[in-house]
Amino acid sequence: MSHCCLSPLPSWTALRSINSHCHCHCHCHCHATATCSFATNRTRLQIRAMRAVVQRVTSASVEVEGRVVSEIGPGLLVLVGLHESDTDSDADYICRKVLNMRLFPNETTGRGWDQNVMQKNYGVLLVSQFTLYGMLKGNKPDFHVAMPPQKAKPFYDSLVERFRKSYRPDAIKDGEFGAMMKVNLVNDGPVTMQLDSLQSSKNTNGAEAK
């Protein structure tokens, strides 16, 4: 039986070195394996993708300065985070997946998780939320990987238009980009899912999600 001593987690400098040279000569083989795995997992956390947090709701609305700017009844509230590297292919993926996610029961057959928002003829409320790409530096959030506002505004507008062309235009609502919004919702279930666009799959394992 081999014996492996337990060591404290290495510094980030050591991790970078080991991640670049996984065949390094380590005194303890178990320690080297754990370190390489830890470094690889850290790399995988650096996801570059459009991110959507999808919530099934019985109702949702957005208020800006005390006035309701958008509201829906039953349907989906979608918080959208844009990464600085996002392209039209990411927008296509998020739009297609959100509209086709089977998050609703089929009342005719009694099956759960059987119908999408379009089959139910429900609404979709989109809200831009750059804080989905926030990372803590100490105790302070940092948003440097989020798409800059001057680029994000037209990109987000094109995403909303993509949803409207893919479904009924009157069924797609959105908040007010860049405004301080109050988002009210009644989560049905609760049901909440996080969805990352195609790039995240490429970054982690080289395989494309369908």
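# Briefing: helices, strands and a few odd backbone spots

Let's start in a loop: Asn121 sits between helix 4 and strand 4 (123–128), where helices (H or I, at least four residues) and strands (E, at least two) are DSSP runs numbered from the N terminus. The model is predicted, with pLDDT of at least 70 needed for local features and 80 or more for side-chain atom pairs, while totals for chains, interfaces and linings use all residues. Residues are numbered from 1 along each chain as its sequence is written, and side-chain values use heavy atoms, with hydrogens and water left out.

**The chain as a whole**

- The protein chain has six helices and eight strands, and their order along the sequence is α-α-β-β-β-α-α-β-β-β-α-β-β-α.
- Of its 210 residues, 38% are buried (under 20% relative accessible area; exposed is over 50% and partly exposed in between, with a 1.4 Å probe and protein chains only).
- About 12,600 Å² of the protein chain is exposed, and 53% of that comes from carbon and sulfur atoms (Shrake-Rupley method, 1.4 Å probe; for residues, only the protein chains shown count as cover).
- Take the contacts (heavy atoms within 4.5 Å) with a separation of 6 or more: 71% of them join residues 24 or more positions apart.

**Helix 3 meets helix 5**

- The axes of helix 3 (residues 88–100) and helix 5 (residues 149–166) come within 10 Å and cross at roughly 40 degrees (axes are lines fitted to C-alpha atoms over the stretch in contact, with angles from 0 to 180 degrees between N-to-C directions).
- That makes helix 3 and helix 5 oblique to each other (under 35 degrees is roughly parallel, over 145 roughly antiparallel, 65 to 115 roughly perpendicular, and the rest oblique).
- The crossing of helix 3 and helix 5 is right-handed (the near helix is turned clockwise from the far one by less than a right angle; anticlockwise would be left-handed).
- On the helix 3 side you'll find Asp88, Ala91, Asp92, Ile94, Cys95, Val98 and Leu99, which meet Phe155, Leu159, Arg162, Phe163 and Ser166 of helix 5.
- The residues of this helix 3 and helix 5 contact split into eight nonpolar, one polar and three charged (Ala, Val, Leu, Ile, Met, Phe, Trp, Tyr, Cys and Pro are nonpolar, Asp, Glu, Lys and Arg charged, and the others, Gly among them, polar).

**Strand 8: Met193 and a cis proline**

- Met193 belongs to strand 8 (residues 181–196) and is partly exposed, at 37% relative accessibility.
- Leaving out residues up to four places away in sequence, Met193 touches Ala52, Val53, Val54, Met101 and Leu103.
- Val78 is 115 residues from Met193 in sequence, but their C-alpha atoms are 9.7 Å apart.
- Strand 8 is also home to Pro190, and the peptide bond from Gly189 to Pro190 is cis, with omega near 0 degrees.

**Strand 6: Asp142**

- Asp142 is part of strand 6 (residues 140–142).
- Beyond its neighbours within four places in sequence, Asp142 is in contact with Tyr133, Gly134, Met135 and Lys137.
- Asp142 and Thr131 are 11 residues apart in sequence, with 8.7 Å between their C-alpha atoms.

**Positive phi in loops**

- Trp113 isn't a glycine, yet its phi is positive, at about 50 degrees.
- You'll find Trp113 in the loop between helix 3 and helix 4 (117–120), and at 52% relative accessibility Trp113 counts as exposed.
- Back to Asn121: here too a non-glycine has a positive phi, of about 60 degrees, and at 48% relative accessibility Asn121 is partly exposed.
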